[in-house]
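Colleague: Please take a close look at the aromatic rings, and describe how they pair and where the partners sit.

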Amino acid sequence: GECTDVTIFKNSVPTHFASTNFGSHTLVHTVAKSMNTSEGIAESKITLFEDGELNTQAEEKAAPLIEQKLAEWRASLTELMEQLEKNAPHAFVINSDVYETIFSNTLRNTFTDSTVTALPETIDALYKAGIELVEFHK
């Protein structure tokens, strides 16, 4: 994605919605442009970074770029959360098809009093995870 969407729930009801213009594609595009390479190679470098396997000099050049963009994401998300609500939410649920580990770890390091989990893949798993679903009827 090109953005990070935030929804804040109060008593199981969504009360605030907002977006910040940073997503996984932003990270890929920045690495590709900064390293003058294709987005495919940038994706590979980000995956190696995520897995802790950047080990050649060329690959290691990607790490500061990734860390800088994650710092910018963290700052924009922190600012967004401050605008929406004074206190950080108790829990974050990540719904990302790529780089889930990078984004989850960044959230964990930023909002240390909150829990961060991945969105379970099935509705059944949602219930098992203890996430309350609210069904809206017309």
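Modeller: As a setting for the rings, the accessible surface of the chain comes to about 8,900 Å², of which 49% belongs to carbon and sulfur atoms; such areas come from the Shrake-Rupley method with a 1.4 Å probe, and for residues only the protein chains shown count as cover. This is a predicted model, in which local features need pLDDT of at least 70 and side-chain atom pairs count only at pLDDT 80 or more, while totals for chains, interfaces and linings use all residues. Residues are numbered from 1 along each chain as its sequence is written, and side-chain values use heavy atoms, leaving out hydrogens and water.

The structure holds 3 aromatic pairs, where rings of Phe, Tyr and Trp (its six-membered ring) pair if their centres lie within 6.5 Å, and planes under 30 degrees apart count as stacked, over 60 as edge-to-face and the rest as tilted. In one of them, the ring centres of phenylalanine 22 and tryptophan 73 are 6.2 Å apart and the planes stand at 35°, so this pair is tilted. Because phenylalanine 22 lies in the loop between strand 2 (13-20) and helix 1, and tryptophan 73 in helix 4 (residues 62-84), the pair ties together parts that are 51 residues apart in sequence; helices (H or I, at least four residues) and strands (E, at least two) are DSSP runs, numbered from the N terminus. Phenylalanine 22 also forms an edge-to-face pair with phenylalanine 103, at 6.4 Å centre to centre and 80° between the planes. Here the partner lies in helix 5 (residues 100-110), 81 residues apart from phenylalanine 22. Ring pairs thus link Phe22, Trp73 and Phe103 into a cluster. Both phenylalanine 22 and tryptophan 73 are buried, as is phenylalanine 103, where buried means under 20% relative accessible area, exposed over 50% and partly exposed in between (1.4 Å probe, protein chains only).
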